[in-house]
Amino acid sequence: MARTLVIANQKGGVGKTTTVLNLGAALAEQGRNVLLIDLDPQAGLTASFGIDTHVNRPGSYSFLTGDGVSLGRVLIHVGGTLAVVPASLDLASMEARLGTSREAVTRLRQALTRGLNPFDYTLIDTPPGLGVLTANGLVAADEVIVPVQCQYLAMRGVRTLLETVRHVRATLNPGLKLAGLLGTMYRPESLHANEVLDEIRAVFPQDTFRTVIPDSEALAEAPVAAVSILEYAPGDPAAQAYRALAQEIIIHE
């Protein structure tokens, strides 16, 4: 059964884009057909594949705003069984153009149901904040993954996001589930990081992935080479962690 997962957290710099990129690559490595959708106006996911974000091409903006624009018209195959719907700076105008009405936040869900979606997994990257783009991701998804940087301040916004998830479930997407909280940028030698991880697991014992993503220079270097960490440094602990996360996801197929 096809699954759509949105990776969301209103705090920036917690590993949303990194997770979409490398979890997607890990799922594709397991033979799944995977679609990545970049909803962030900063277009970090798009740039991570070496796609020029300044070229005027159909992408997630036209997919959301263009009546009848097909998925096939906006996606770019980036290798193997992996494809991406790129972002552009035009997304920054979405909030002003569409507002926050019910119709505005259901655009992605409607677009994804317009035609055939041949992918086993669709992963949606969202910008920081809880605006119309993140709302579109939450309304379109079956499940939400919440990356949480293993630092104290990163914990503060988790409850706010989970309240938003509950609101979306109650009003627009009753099937939305919490796939789990994902510890990111973990440094095992750091007492503070271990205390934060322990707190996440204590507060959300049933909703935290076993996998933790370690802090790794290779995670920052891989996008410069326009590849995932699985290709850039396949033996790196972070690459192994994203493979383990993929297995945690696949086990619920």
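**Reading the sheet and its helices**

User: In what order do the eight strands of the open sheet lie, and what is the pairing?

Analyst: In this predicted model, the eight strands of the open sheet follow the order 3-4-2-5-1-6-7-8, with mixed pairing. The edges are formed by strand 3 (76-79) and strand 8 (208-214), each of which pairs on one side only. From one strand to the next, the twist averages 25 degrees.

User: In which sense, parallel or antiparallel, do strand 1 and strand 6 pair?

Analyst: In general, strands of a sheet pair through backbone hydrogen bonds, in either a parallel or an antiparallel manner. Here, strand 1 (residues 3-7) is joined to strand 6 (residues 143-149) in the parallel sense over three bridges. Ile7 stands opposite Ile145 in strand 6.

User: Which strands does helix 14 lie across?

Analyst: Helix 14 (residues 237-250) lies across strand 1, strand 5, strand 6, strand 7 (177-186) and strand 8, and runs at about 160 degrees to strand 8. Helix 8 (residues 132-140) lies across strand 1, strand 5 (121-125) and strand 6, at about 150 degrees to strand 1.

User: How should the packing of helix 1 and helix 14 be described?

Analyst: Two packed helices are described by the angle between their axes and the distance between the axes. For helix 1 (residues 16-29) and helix 14, the angle is about 70 degrees and the axes are 8 Å apart. Helix 1 is therefore roughly perpendicular to helix 14. The crossing is right-handed. Among the contact residues are Leu23 and Leu27 of helix 1 and Leu245 and Ile249 of helix 14. The contact residues divide into eight nonpolar, three polar and two charged.

Technical notes. Residues are numbered from 1 along each chain as its sequence is written. This is a predicted model: local features need pLDDT of at least 70, side-chain atom pairs count only at pLDDT 80 or more; totals for chains, interfaces and linings use all residues. Side-chain values use heavy atoms; hydrogens and water are left out. Two strands pair if DSSP finds at least two bridges between them. Helices (H or I, at least four residues) and strands (E, at least two) are DSSP runs, numbered from the N terminus. Axes are lines fitted to C-alpha atoms, for helices over the stretch in contact, and angles run from 0 to 180 degrees between N-to-C directions. Contact means heavy atoms within 4.5 Å. Angles under 35 degrees count as roughly parallel, over 145 as roughly antiparallel, 65 to 115 as roughly perpendicular and the rest as oblique. A crossing is left-handed if the near helix is turned anticlockwise from the far one by less than a right angle, and right-handed if clockwise. Ala, Val, Leu, Ile, Met, Phe, Trp, Tyr, Cys and Pro count as nonpolar, Asp, Glu, Lys and Arg as charged, and the others, Gly among them, as polar.
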